[in-house]
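Q: Hello! I am new to this structure and would like a close look at a single part of it.

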Amino acid sequence: MDNKIKQYDIALFGRGPIKSRIIFVSVLVIIGILYAVHSDYNLATGSGNLCMVLFLAANVYFPAKRIRLKYAIKNVQSEFNSLLVWHIWLNTFSFIVACIHCYVSMWSNDWLLAALFMMGWLTFGGFLMWFKFQPGKVKKGIYLLHTQQTIFFIMIFAMLKGHYVF
């Protein structure tokens, strides 16, 4: 393990042969589709279940990062770089599946549409963070808008209210 790995030295599309990465992603997509189709009695509920699983798996990154910082765990930057890539892609797939879930469920609930919009913003903001914007204030602004826990908690509230109150 290289102790000099920088935080910004992250391969968004992974490392290694492209053929093995395509096969790996294809297997994950097939497993996801099978899960969505067979996890419940219809595609609308199955896609919602898949979205929830992807969303929870994607956001394991934050509690892990908090634990790492609290206990000052050293020499794990390369693992966290990999975890960050998983965070990005699983959240992206979660948003895509949420859009499919919205379409096949024929939503007419404003709370759920607001939650989908916030999820889209957080996903899009996360991808914007990969670009090297100048000046640094622009990148800092994007970082602050993407990492606001307030937006995340409002999104969770809107999802819960939209699914369970209406």
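Which residue follows helix 4, and what is the sign of its phi? Please take me through that helix and His87 within it.

A: Happy to help! Please keep in mind that this is a predicted model. The residue that comes after helix 4 is Met106, and its phi is positive, near 50°.

Now for the helix itself. Helix 4 covers residues 77-105, and His87 is found in it. With 29 residues, helix 4 reaches 41 Å from its first C-alpha to its last. That is close to the 42 Å expected at 1.5 Å a residue.

Let us turn to His87. Is this residue buried or exposed? His87 counts as buried because its relative accessibility is 7%, and the cut-off for buried is under 20%. Leaving aside neighbours within four places in sequence, His87 is in contact with Ala58, Asn59, Tyr61 and Phe62.

To set this part in its surroundings, here is the chain as a whole. There are 7 helices and 0 strands, so from the N terminus on the elements run α-α-α-α-α-α-α. The chain has 166 residues, and buried ones make up 30% of them; His87 is counted as buried. Looking at contacts between residues at least 6 apart in sequence, 65% join residues at least 24 apart. As for the surface, the chain exposes about 11,400 Å², with carbon and sulfur atoms supplying 72% of that area.

Key
Residues are numbered from 1 along each chain as its sequence is written. This is a predicted model: local features need pLDDT of at least 70, side-chain atom pairs count only at pLDDT 80 or more; totals for chains, interfaces and linings use all residues. Side-chain values use heavy atoms; hydrogens and water are left out. Helices (H or I, at least four residues) and strands (E, at least two) are DSSP runs, numbered from the N terminus. Buried means under 20% relative accessible area, exposed over 50%, partly exposed in between (1.4 Å probe, protein chains only). Contact means heavy atoms within 4.5 Å. The expected span of a helix is 1.5 Å times one less than its number of residues. Accessible areas come from the Shrake-Rupley method with a 1.4 Å probe; for residues, only the protein chains shown count as cover.
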